[in-house]
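Reader: Before I plan anything around this fold, could you take me through how its parts are arranged?

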Amino acid sequence: MIFFEHVIEGPPDAVFGLMGTFRADQRPEKINLMVGIYKDEHLKSEVMPVVKKAKEKVLASDQMADYLPFDGAPQFFESLGKLVFREWGNVEDRVYATQAIGGTGALRLGADFLAQEVGKRVWIPQPTWANHRGIFERAGFTVETLPYYSSAQHGIDKSAYFKHLRSLPPKSVVLFHGTCHNPTGCDPTLEEWKEISHICKERSLLPFFDFAYQGFGDGVEEDAGPVRLFLDEGHEFLVAYSCSKNFSLYCQRVGALFVVCKEAAVKPRVGSQIKRIIRTTYSNPPAHGAKIVAEVLNDRALKVEWLKELDQMRHRISQARALLVKKLVAKAKKIDFRFVQQHKGMFSYLDLSPKQVKELMEKHGIYMLDSGRINVAGLTSQNIDRVVDQVIAVSEA
Ligand SMILES: Cc1ncc(COP(=O)(O)O)c(C=O)c1O
C-alpha cells in the first residue's frame with residue numbers, strides 16, 4: 001500500500017495500444033493497417049518456409065544447455081556482418097559485433113554505450129519510428145528532432161534537413177533509417193546519402209543507423225548501400241539491426257549491434273564496455289533465433305531460398321502499393337496520390353490528419369496510425385477498394 005499507491009497509469013503504446021481497440025471492435029469488415037508485420041494476401045503472418053526448415057534443423061541438433069557468450073553466437077553475427085557490410089573478413093578486425101534482443105534491444109544497447117562513452121544528445125528525424133524517442137530518453141539522452149518529412153512536398157524536405165544537419169554541434173549522435181524509413185517510406189537517394197556522409201564528416205557527427213528492413217526496399221544488396229557507403233568513406237558509426245521482419249522472427253527477438261571503429265586496436269576496448277552493459281542488463285542472449293538466422297545464411301541452398309522468399313514478400317508489397325496508387329489516382333479528384341508510389345518498404349504515409357485518421361477508424365473501421373501511416377501489407381484484393389474510397393472521402397471532403 002505505501003510503496004505503489006502513487007503510481008499513475010502510463011500512456012498506451014502508440015502502435016500496440018491501438019491493437020487493443022482493434023481487437024475489441026465488433027465490426028466484421030474492420031481493416032488492420034497498423035502494426036509493422038508482414039502479411040501475405042490472405043493476411044496471414046506466418047514464419048517464412050525457409051526459416052521453418054532452418055528452425056527444425058537447429059532444434060534437432062542443438063543439445064547445448066550452456067549460456068551463450070555475452071555477445072552471442074559468433075556464427076550469427078559473422079554471417080549477418082557479411083550481409084550488412086558485403087565482406088566480413090576484411091572488416092571484422094575493426095567492427096565490433098554483438099547479438100542483441102531484436103532491433104529495439106540493439107538500439108538500446110547502442111544508446112547505453114554512447115551515453116557512457118560519447119555523449120547524451122541525439123537527433124532523430126521528424127517523424128520517426130514511435131519508439132526511438134523513448135529508447136534514447138530511457139538511456140538518459142536529450143532527444144532533439146531534425147525536420148525530415150514535408151506534407152507540402154509529400155516527401156523529404158531536403159533543404160531543411162540538410163540545413164539542420166549542417167548546424168549540429170560536433171559529437172552529436174544522429175539517427176538514420178538504413179532503408180525504408182518508418183513511418184514515411186521516404187528514403188534519401190544514394191547521391192543524397194553521399195551528401196549526408198560528407199556533412200557528418202565535416203561536422204564530426206556520429207551516425208547511428210537503424211537497419212530494420214534489409215530486403216524490403218530494393219533488395220538485400222541495394223538496401224545495404226547507405227551503410228556500406230559510410231563504411232567505405234571511413235566513418236565511425238553504429239548499426240542496430242533487426243531480424244524480425246526479414247527473417248519473420250518477430251517473437252524470437254533476434255537483432256545485432258555493430259560498432260564500426262576506425263582502428264582495430266579500439267575494437268576490443270569498445271567490445272569490453274558493451275559486454276559490461278550486456279552483463280548487467282540481461283547477461284546472455286537467447287540462442288535459438290540467432291542460430292536459425294546463422295543456419296539460413298551459412299547454408300548455400302537455404303540462403304538462396306531465403307533471398308527468393310524475401311523477394312516474394314517485397315513484390316507482394318510493391319504490387320499492393322502499385323494497385324493502391326492506381327486506384328487512388330483513378331478516383332481522386334483533388335489530390336494527386338502518385339507520391340505514394342515513391343515510398344519504399346512496408347509503410348506508406350497518406351498525409352492524413354489525426355482527425356481524418358480518427359474518422360476512418362470510428363466510422364469505417366479502417367485502422368492506421370495517428371500519423372496516417374499504413375502498413376501496405378495489410379491491403380488485399382478484398383479490402384483495397386473500401387480503403388481507397390474512404391481515404392479519398394476523408395481527404396477530399
Ligand atoms: C524502424 C524500426 N526500428 C526498429 C524496430 C524494432 O525491431 P524489433 O522488433 O526487432 O525490436 C522496428 C520495428 O517495428 C522499426 O520499425
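Reader: In what order do the strands of the open sheet of 7 strands lie?

Author: This is a predicted model, and its open sheet of 7 strands has mixed pairing. Strands β2 (95-101) and β4 (142-147) each pair on one side only, which places them at the edges. Neighbouring strands are turned by 25° against each other on average, direction ignored. Read across the sheet, the order is β2-β10-β9-β8-β7-β3-β4.

Reader: Do strands β8 and β9 run parallel or antiparallel?

Author: In general, strands of a sheet can pair through backbone hydrogen bonds in either of these two ways. Here β8 covers residues 206-211 and β9 covers residues 237-242, with 4 bridges joining them. Within this pair, F208 stands opposite L238 of β9. The two strands run parallel.

Reader: Which strands does helix α10 touch where it packs on the sheet?

Author: Helix α10 spans residues 267-281, and its direction makes about 15° with that of β2. The strands that helix α10 touches are β2 and β10 (254-260).

Reader: Is the crossing of α4 and α5 right-handed or left-handed?

Author: Helix α4 (residues 102-117) and helix α5 (residues 131-138) pack at an angle of about 40°, and their axes are 9 Å apart. The crossing of these two helices is right-handed.

Reader: Which residues make the contact between α4 and α5?

Author: By class, this contact has 4 nonpolar, 2 polar and 1 charged residues. From α5 come N131, I135 and F136, while α4 contributes T104, L107, R108 and A111.

Terms used:
Residues are numbered from 1 along each chain as its sequence is written. This is a predicted model: local features need pLDDT of at least 70, side-chain atom pairs count only at pLDDT 80 or more; totals for chains, interfaces and linings use all residues. Axes are lines fitted to C-alpha atoms, for helices over the stretch in contact, and angles run from 0 to 180 degrees between N-to-C directions. A crossing is left-handed if the near helix is turned anticlockwise from the far one by less than a right angle, and right-handed if clockwise. Two residues are in contact if their C-beta atoms, placed from the backbone, lie within 7 Å. Ala, Val, Leu, Ile, Met, Phe, Trp, Tyr, Cys and Pro count as nonpolar, Asp, Glu, Lys and Arg as charged, and the others, Gly among them, as polar. Two strands pair if DSSP finds at least two bridges between them.
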